[in-house]
Amino acid sequence: MASDYGDESGEKMLDSFTRFAERRGEFAMRQRAYDFQRACKNATVAAKEHDTSLNAEAAPEWAKLDMQEFRAIEGYDEIKQIIEAKLDAHGVEPHWFTDEQAAKEYLLFRVKDAREVWASFNELEQETEGVVERASERAKEKVQEKNLGKDERPLEERAREAREASKALEAEKTPGIERDRAERAIETRAK
């Protein structure tokens with residue numbers, strides 16, 4: 001998978017979405033992927049605004065992206081690792097800043113790296129669709145593997161078979177002291 005995407009972000013994304021589909025179901029995983037794609041698209045637009053090659057004015061050395069949209073996605077810590085892996089693949093060293101008063105987190109990056117940042121988010125957005133399909137397939141395969149050992153027969157049939165097996169075991173027992181005591185106890189109660 002990493003070779004499919006040229007970096008580790010693809011593998012992390014596939015693992016994350018597969019685990020999510022196993023826990024929450026395919027529909028929830030697809031909704032999460034849609035939210036992730038939308039957040040990546042918005043981050044791409046925001047990062048382009050910091051690209052100095054598009055804006056000739058004197059730019060500051062650092063820029064920040066508000067991660068609020070990503071934080072709203074369930075499993076944000078995994079999402080953050082996916083983003084970091086993609087940025088690393090593009091040679092961008094991400095820095096994270098948490099503003100506790102505003103309850104926000106920001107991705108800080110050098111303005112000179114803005115092009116690589118928006119390219120990273122753009123790639124994540126594009127790769128998500130393929131990853132979702134593969135994650136869906138993997139999750140279905142894992143569910144099938146887990147269900148191979150399960151007894152698919154109706155409960156009544158399994159209960160009847162268990163009762164028959166219990167009676168057969170009881171009939172095989174030879175009378176002993178315990179059985180004699182139990183029989184005497186039953187006779188005493190009956191009188």
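**Surroundings of Arg-32 and the nonpolar core**

In the predicted model, Arg-32 touches Ser-16, Phe-17, Phe-20, Ile-73, Glu-74, Gly-75, Glu-78 and Ile-79, residues up to four places away in sequence not being counted. Arg-32 is placed in helix H3, which covers residues 26–48. Its relative accessibility is 3%, and because buried means under 20%, Arg-32 counts as buried. One of the residues it touches, Gly-75, has its backbone oxygen 3.4 Å from a polar atom of the Arg-32 side chain.

Helix H3 itself consists of 23 residues, for which a span of 33 Å is expected at 1.5 Å a residue; the C-alpha atoms at its ends are 33 Å apart, in agreement with this value. Besides Arg-32, the buried residues of H3 are Ala-28, Met-29, Ala-33, Phe-36, Gln-37, Ala-39, Cys-40, Ala-43, Thr-44 and Ala-47.

In soluble globular proteins, nonpolar side chains tend to be buried together. In this model, the largest nonpolar core comprises 36 residues, and the members that touch the most others are Phe-36, Phe-70 and Phe-121. At least two residues of this core come from each of helix H2 (8–24), H3, strand E1 (62–66), helix H5 (76–89), strand E3 (104–110) and helix H6 (114–147). The most is given by H6, with nine residues.

Phe-70 touches both Phe-36 and Phe-121. With residues up to four places away in sequence again left out, its other contacts are Ala-39, Cys-40, Ala-43, Tyr-76, Ile-79 and Ile-83. Ile-79 is thus touched by Phe-70 and also by Arg-32.

Note on methods: Residues are numbered from 1 along each chain as its sequence is written. This is a predicted model: local features need pLDDT of at least 70, side-chain atom pairs count only at pLDDT 80 or more; totals for chains, interfaces and linings use all residues. Side-chain values use heavy atoms; hydrogens and water are left out. Helices (H or I, at least four residues) and strands (E, at least two) are DSSP runs, numbered from the N terminus. Buried means under 20% relative accessible area, exposed over 50%, partly exposed in between (1.4 Å probe, protein chains only). A polar contact is a pair of N or O atoms within 3.5 Å; within protein, one must be able to donate a hydrogen and the other to accept it, and residues adjacent in sequence count only if both atoms are side-chain atoms. Contact means heavy atoms within 4.5 Å. The expected span of a helix is 1.5 Å times one less than its number of residues. A nonpolar core is a set of buried Ala, Val, Leu, Ile, Met, Phe, Trp, Tyr and Cys residues joined through side-chain atoms within 4.5 Å.
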